[in-house]
Amino acid sequence: MNDWAGPLIAAALFAFLSPGMVFQMPGKEGPLGFMNMKTSIASIFVHLVIYGLLLILFFVVLHIHLYV
């Protein structure tokens, strides 16, 4: 059996946390922008940190597994 939790969670977080896709922190006009499809270096860095912290939470702290 293969553990599919890693690829599925990583892909979902990557899609959701892409800067400008759903939300952007920090936004161009304010602290938070929604669905503007634009990005900045600061926003890329903030989303990178959040992505890394969530991956650590799911895999190291919670030990999530999905066997198929």
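Me: Which residues form a nonpolar patch on the surface, and what is their accessible area together?
Reply: This is a predicted model, where local features need pLDDT of at least 70, side-chain atom pairs count only at pLDDT 80 or more, and totals for chains, interfaces and linings use all residues. Residues are numbered from 1 along each chain as its sequence is written, and side-chain values use heavy atoms, leaving out hydrogens and water. A patch takes residues with over 30% relative accessible area and no salt bridge (side-chain nitrogen of Lys or Arg within 4 Å of a carboxyl oxygen of Asp or Glu), with nonpolar side chains (Val, Leu, Ile, Met, Phe, Trp, Tyr) joined within 5 Å. Here F45, L48, V49, L53, I56, L57, V60, V61, L62 and I64 come together, and their accessible area (Shrake-Rupley, 1.4 Å probe, only the protein chains shown as cover) is about 900 Å².

Me: Is L53 buried or exposed?
Reply: L53 sits in helix α2, residues 41–61. Buried means under 20% relative accessible area, exposed over 50%, and partly exposed in between (1.4 Å probe, protein chains only). L53 has 54%, so it counts as exposed.

Me: What pattern does the protein chain follow along the sequence?
Reply: The chain has 2 helices and 2 strands (DSSP runs numbered from the N terminus: H or I, at least four residues; E, at least two). Read in order, they give α-β-β-α.

Me: What share of the 68 residues in the protein chain is buried?
Reply: The C-alpha atoms fill a box of roughly 45 × 20 × 15 Å along the principal axes. As for buried residues, they make up 21%.

Methods: Patch = residues over 30% accessible without salt bridge, like charges linked within 9 Å, V, L, I, M, F, W, Y side chains within 5 Å.
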